[in-house]
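Take a look at how this chain is put together. We begin with one pair of helices and then step back to the whole.

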Amino acid sequence: MPPRHRLDGIVIRQQPIAEADVIVSLVSAEDGRVDVLARGARKSLKRFAGGIALFSEISAVTEQGRGHLPTLVESSLNAAFLHKSPSYGQLALASYVAELAACASQPSHADPGLYTWLRASLALCESAVEQALRTPRLGVEVGFLQALGVCPDLQACIQCGQDTAAGGTWLDADAGLTCTRCRRPSPETLSPPLVRALALWSLAPAEPPIDALPPSAALRVAEQQVATLLGHVVPQPLRSAIALRDLLRFEA
Ligand SMILES: [Zn+2]
């Protein structure tokens, strides 16, 4: 019998091929990115019993056959994210999360941090409220940067090293914040709640609950700096990021 392998992972993509088959892309904590062939998945819905739906966390058994991809033999559902009639906004945000995960995950490369972020981010998408996606998007992005190890320390001032709890100015995306003792506050200075939120997400990825951050010049600065950091690690523009940006235009 060909060797079998068991893994837990989250479905980030489904790609129909041939008449009835689907290539399922998973991200797992131990094996990184894994693409498996689900034979007959489109012909028989019962075959994998809901275990390959997008944004599902599954336990899978795969078999290395003669083909290029391992074949999915069994799949059972551990947790279903966004399965109960999600809104368009929730789906757009979750697609963005999945696309970021696809960019960052590598085959045979264990990445527990990325997996933790992915799971927490999908849970966050599920609790996201339509018309208030701006804050959760920022939370997802900051957590992602942290999971990749490229988020600057936002809790210590880059000049004096003291804490930024009273707020800070974010002038250079890569460097971090200058505290209000070292630099006089301006409308673009990040408020204490905004600094707190950013620090929280950089410690615990996409940690809910998140109170919506009020729109401000400082929030825009934070979003721009995070986008700059993302630009270093993700090829731009992601398709889902554009869809999300279009949605966010209608928010204050
Ligand atoms: Zn300072």
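Helix α3 covers residues 134-147, and helix α4 covers residues 192-203. Their axes come within 7 Å of each other. They cross at roughly 45 degrees. Angles from 35 to 65 degrees fall outside the parallel and perpendicular classes, so α3 counts as oblique to α4. The crossing of α3 and α4 is right-handed. Which residues make the contact? On α3 they are Gly139, Val142, Gly143 and Gln146. On α4 they are Leu198, Trp201 and Ser202.

Now the whole chain. The model is predicted. It contains 6 helices and 7 strands. Read from the N terminus, the order is β-β-β-β-β-α-α-α-β-β-α-α-α. The run opens with five β elements, and three α elements follow. Then come two β elements, and three α elements end the chain's series.

The domain assignment gives two parts. Domain 1 takes in 4-80, and domain 2 takes in 130-248. The centres of domain 1 and domain 2, taken over C-alpha atoms, are 35 Å apart.

What are the overall dimensions of the C-alpha trace? Along the principal axes, the trace spans about 70 × 35 × 30 Å. The radius of gyration is 20 Å. A compact globule with 252 residues would have a value near 18 Å, so the chain agrees with that expectation.

Buried residues account for 40% of the 252 residues. Finally, consider contacts between residues at least 6 apart in sequence. Of these, 60% join residues at least 24 apart.

Notes. Residues are numbered from 1 along each chain as its sequence is written. This is a predicted model: local features need pLDDT of at least 70, side-chain atom pairs count only at pLDDT 80 or more; totals for chains, interfaces and linings use all residues. Domain bounds come from an automatic or database domain assignment. Helices (H or I, at least four residues) and strands (E, at least two) are DSSP runs, numbered from the N terminus. The radius of gyration is taken over C-alpha atoms; the globule rule is 2.2 Å times the number of residues to the power 0.38. A residue is buried if 20 or more other C-beta atoms lie within 10 Å of its own, exposed if 12 or fewer, and partly exposed in between; C-beta atoms are placed from the backbone. Two residues are in contact if their C-beta atoms, placed from the backbone, lie within 7 Å. Axes are lines fitted to C-alpha atoms, for helices over the stretch in contact, and angles run from 0 to 180 degrees between N-to-C directions. Angles under 35 degrees count as roughly parallel, over 145 as roughly antiparallel, 65 to 115 as roughly perpendicular and the rest as oblique. A crossing is left-handed if the near helix is turned anticlockwise from the far one by less than a right angle, and right-handed if clockwise.
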